[in-house]
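Let us read a model together, one feature at a time. Please look at the structure shown here.

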Amino acid sequence: MTTLTALHGNHACALAAIAAGCRFFAGYPITPSSEIAEHLSHAMPKVGGTFVQMEDEIASIAAVIGASLGGLRAMTATSGPGFSLMQENIGYAAMVEAPCVIVDVMRGGPSTGMPTRPAQGDVMQARFGSHGDRPVVALAPASVQEIYTETIRAFDLAERLRTPVTVLYDQVIAQLLESVAVPAPSAVRVRERKWANGASGWEPYAADDDGVPAMARPGDGHRVHTTGLTHAESGFPTQAPPVVDRMMRRLLGKIDVNRALIEKHETLAAEDAEVLIVAYGITARAARRAVTTLRETGVKAGLFRPITLWPFPEAALARLAGRARAVLVPEMNAGQLVLEIQRIVGHTPPVRPLTRIDGEPIAPDEITAAVRELAVHA
Amino acid sequence: MLDATPKTTCDQKAPFDPREWLRLAAMPHFMCPGCGHGIALRALLAAVHDCGIAKDDLAVVCGIGCSGRVGGYIDANTMHTTHGRPLAFATGLKLARPDLTVVVVTGDGDCLAIGGNHLIHAARRNLDITCLMLNNEVYGMTGGQASPTTAATRVTSTTQSGAIEPTFDACALAAAAGAGFVGREVTRQAPALKTLIARALRHKGFAFVEVMSDCTEIYGRKNDLGEAPEMILSQKADMRPEQHRDAPDQPFRPNALPTGVFVERDLPEYGERLRAHAAAIRGEITP
């Protein structure tokens, strides 16, 4: 039975992790994400899981990957500075294909920035933060309800695809109190990791058609070698160009093969929109209000809201943007996702940023004004 | 619920054959002629055998560097992680899988420089992990740069006119941070090294073993320390056995390091504590 309850964003995230079968959390205190760790420090032992506070964020993500390799669903939560520290090991998780969930509650940056103020400045860090090319999945919930559902989906995708998944949201939603429909535990579905079943000829990194290899657990007799070095299907390092090429293209291709599973977006009045707003997270809520206001006054505005930020749902956007006369991308940074939107849309119609970097959320009026201007000039 | 019982055991009474514990397909190994890491590897495998630990229940977690490559030759669950972080990875693994015997193989750079923070917290936390730090006093893998254990005056590629920084005493550091078991041995004394590692494996809690290894190719040659036999023989002169460890430093042997077991004390093991704490929260037992 679904229960309606009032939750803060970070609390919803913690409850969703437990509901998704997460049984290991390692973290390090950082504003504005600490409530997730605080809740899980008490909730995890109740369900037979493990909570550990590590010495820093590097150790936190390392412990999460260690637990994941041990067979558990595992998560950490942090904010921008901690997310930066985790990047090398997130790349390791991608390389060894260890499922895990990283929650990044975004605050004002760069550096220590504004710990108690919201921002959306980690969008590109989530995409390119780790060195080299790696598969990237990042989700951007826009409400407390969605933090709940997207955290569960993050585990589903991480386990299904054997890859780290980032949940990105900002300080406002993290500490917002909203009503959440919490589904019955039986209604929560997280696909089981694909486990090696002892079949002869099995290799640790030989993938099926979905690009995902079946995973061994210590103790199951496979005795696998796990390394961040570029490895062959056997799991052992290689520098043979054809093998490296094959392994890397399979690793990166895993995302493309499973796009339908990963991509998620929502639209509002987008089909006939002359000015299409692309907004995510807390900013999308201001954009939603702006669209309603604009439509009431006869301006054909619409909203495209990516819920999956990476990989960006580009085919869906390209179709709608192709019908618009202008695209507006409001975001709480100096213009990050707008670069991706410009890549997808090209020069026609024009794509314009609307940025705010002062630690305040973007208000509906700001979006309304920007759309009116575009509607006149575009 | 988490179960700390190992699933299988190996027959420790059968004679030890290293070939049974090695991934022979991974041979030849990459270690340089004369490198002490092979002696440490064999001592580790013999100790694991002596303790009756089965391959399937053994997890060896390594960092980066020459020491980091040692794990890949072991026919067990092996993890070659990121530079300096094997103890943090091992912490997650051991907490998730208390049924496994978790051994970390790390180096002086991996464990004391980039990973120094993880060492002191692993020692403080006292999770049941055995940590072998192979100390060859240099960054061998990257071409012989100075490490936190490079002795003063030694020539490396980043101390071309001689090192000037003080060195870390890794055992003193681990002991001060709270490790329940701390010991040091030299590769010259292979049987003693095996016995020391076996004691560390049997110790419940965090056990730290410093293995004085030799880097002949990168470090020995630059410092005119001779070939591998000379370097191995010279270990004796650089060491003070356990019974003499409180003797004052001798001026002509300023870097002489004591060997043996320095700390062996029963402390509450973190995993057990955590599981008991969780059971109390669930109301299953009275705290």
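What follows is a short dialogue on confidence, contact, sheet and annotation.

Q: What kind of model is this, and how are residues and chains labelled?

A: This is a predicted model: local features need pLDDT of at least 70, side-chain atom pairs count only at pLDDT 80 or more, and totals for chains, interfaces and linings use all residues. Residues are numbered from 1 along each chain as its sequence is written, while chains are lettered from A and ligands numbered from 1 in the order in which they are written.

Q: What is the mean pLDDT of chain B?

A: pLDDT is the predictor's confidence in each residue, from 0 to 100. Where it is low, the predicted coordinates should not be read in detail. For chain B the mean is 92, and 93% of its residues reach 70 or more. The model has ipTM 0.97 and pTM 0.97.

Q: How many residues does each chain give to the contact?

A: Two residues are in contact if their C-beta atoms, placed from the backbone, lie within 7 Å. Chain B gives 37 residues and chain A gives 36. On the side of chain B, the elements with two or more residues are β2 (77-80), α2 (86-96), α4 (116-125) and α9 (270-281). Helices (H or I, at least four residues) and strands (E, at least two) are DSSP runs, numbered from the N terminus. The largest share, eight residues, comes from α2(B).

Q: Which strand of chain A is joined to β2(B)?

A: Strands of a sheet pair through backbone hydrogen bonds, either parallel or antiparallel. Two strands pair if DSSP finds at least two bridges between them. Here three bridges join β10 (residues 225-227) of chain A to β2(B), and the two run parallel. His225(A) has Thr78(B) as its bridge partner. Thr227(A) has His80(B).

Q: In what order do the strands of the sheet run?

A: Eight strands form an open sheet with mixed pairing: β10(A)-β2(B)-β1(B)-β3(B)-β4(B)-β8(B)-β7(B)-β11(B). The edge strands, β10 of chain A and β11 (260-264) of chain B, each pair on one side only.

Q: Which domain does UniProt list for chain B?

A: UniProt positions are given in the numbering used here, feature names are shortened, and annotations may be inferred rather than shown by experiment. An unreviewed UniProt entry lists "domain: Thiamine pyrophosphate enzyme TPP-binding" at residues 65-211 of chain B. That span is 33% helix and 22% strand, and its end C-alpha atoms lie 15 Å apart.
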